[in-house]
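Q: I would like to learn how to read a structure such as this one, feature by feature. Where should a reader begin?

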Amino acid sequence: VFCLKGKMIALTACAELMDKKDIALVQYVNDDGTVNPDYKEVDEIKPFKPNDWKGETDGSIAIGQTGFFNFVTSKDSSIFMVCHNEVYKQKPSLTISCKVFDSNLNQVWSKDIELPYKNKQISLSDYTLDNNGIATF
């Protein structure tokens with residue numbers, strides 16, 4: 001739970017079993033502390049499928065591995081970012097998927113960033129987001 005421009009927001013990550021993916025949700029927290037039942041899906045991680053792989057592997061791919069989400073707010077709490085590591089697709093490089101949202105939960109920008117590392121060589125866990133929506137890792 002965090003405060004975004006005076007609005008309390010709950011962040012949740014869960015597995016959606018029907019579509020076999022992990023999803024990140026946001027919900028407003030009411031003044032009485034209860035969570036509003038309306039939610040917005042802000043990100044998803046689709047599972048790895050063996051047919052997606054087109055190259056060699058060093059054995060580090062876990063079938064069905066989906067990863068996890070990271071959330072961070074800007075210093076002035078006007079925007080937030082959700083990121084996740086993409087699972088291997090066409091090549092064994094690390095791809096970070098990032099999306100930034102404003103206090104009304106509107107998406108400001110989205111970008112997939114491919115890094116020249118294999119997933120097992122690096123783990124990004126420290127993200128920052130400035131008040132203008134510029135992200136650093």
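A: Begin with one residue and its surroundings. This is a predicted model. Leaving aside neighbours within four places in sequence, tyrosine 28 is in contact with Lys7, Met8, Ile9, Thr34, Val35, Asn36, Ser103, Asn104 and Leu105. Tyrosine 28 belongs to strand β3.

Q: Is tyrosine 28 buried or partly exposed?
A: Tyrosine 28 is partly exposed, because its relative accessible area is 27% and buried would require under 20%.

Q: How far apart in sequence and in space are tyrosine 28 and phenylalanine 2?
A: In sequence they are 26 residues apart, and from C-alpha to C-alpha the distance is 9.8 Å.

Q: How much confidence does the chain carry in terms of pLDDT?
A: Take the average, then look for weak stretches. The mean pLDDT of the protein chain is 80, with 76% of its residues at 70 or more. Residues 53–65 stay under 50, and the model has 22 contacts for them beyond four places in sequence. Where pLDDT is low, the predicted coordinates should not be read in detail.

Q: How many helices and strands does the protein chain have?
A: The count is zero helices and ten strands. Read from the N terminus, the elements run β-β-β-β-β-β-β-β-β-β.

Q: What is the strand order in the open sheet that holds β1?
A: Read a sheet by its order, then its edges, then its twist. Here four strands make an open sheet in the order β1-β2-β3-β4, and the pairing is antiparallel. β1 and β4 are the edge strands, each pairing on one side only. From one strand to the next, the twist averages 35°.

Q: How many bridges join β3 to β4?
A: Five bridges join these antiparallel strands. As one residue pair to locate, leucine 25 has glutamate 41 of β4 as its bridge partner.

Q: What is the order of the open sheet that contains β5?
A: That open sheet has four strands in the order β5-β6-β7-β8, with antiparallel pairing. β5 and β8 each have a single partner strand, so one side of each is left without a neighbour in the sheet. The twist in this sheet averages 15° from one strand to the next.

Q: Over how many bridges do β7 and β8 pair?
A: They pair over eight bridges, in the antiparallel sense. One residue pair to look up is serine 97, whose bridge partner in β8 is aspartate 112.

Q: Which residues make up the largest nonpolar core?
A: The general idea comes before the list. In soluble globular proteins, nonpolar side chains tend to be buried together. The largest nonpolar core in this model has twelve residues: Phe2, Leu4, Ile9, Ala24, Val26, Val42, Ile45, Phe69, Phe80, Val82, Phe101 and Leu105. Two or more of its residues come from each of β1 (2–4), β3 (21–28), β4 (40–45) and β6 (79–85). Apart from this core lies another, of eleven residues, including Ile79, Cys83, Cys98 and Leu124.

Q: What share of the 137 residues counts as buried?
A: The buried share is 36%. For contacts, look at separation along the chain: among those with a separation of 6 or more, 43% are between residues 24 or more positions apart.

Q: How many disulfides does a search of the whole structure find?
A: A disulfide is a covalent bond between the sulfur atoms of two cysteines. The search finds zero disulfides. The cysteines can still be read by exposure: cysteine 3 is partly exposed at 35% relative accessible area, whereas cysteine 83 is buried at 1%.

Q: Where does leucine 105 lie, and what is its phi?
A: Leucine 105 lies in the loop between β7 (94–102) and β8 (107–115). Its phi is near 70°, a positive value in a residue other than glycine. Leucine 105 counts as buried, because its relative accessibility is 7% and the limit for buried is under 20%.

Q: Which loop holds serine 77, and is serine 77 buried or partly exposed?
A: Serine 77 lies in the loop between β5 (69–73) and β6. Serine 77 is partly exposed, with a relative accessible area of 21%. Although it is not a glycine, serine 77 has a positive phi of about 60°.

Notes: Residues are numbered from 1 along each chain as its sequence is written. Side-chain values use heavy atoms; hydrogens and water are left out. A nonpolar core is a set of buried Ala, Val, Leu, Ile, Met, Phe, Trp, Tyr and Cys residues joined through side-chain atoms within 4.5 Å. Buried means under 20% relative accessible area, exposed over 50%, partly exposed in between (1.4 Å probe, protein chains only). A disulfide is a pair of cysteine sulfur atoms within 2.5 Å. Two strands pair if DSSP finds at least two bridges between them. Axes are lines fitted to C-alpha atoms, for helices over the stretch in contact, and angles run from 0 to 180 degrees between N-to-C directions. pLDDT is the predictor's confidence in each residue, from 0 to 100. Contact means heavy atoms within 4.5 Å.
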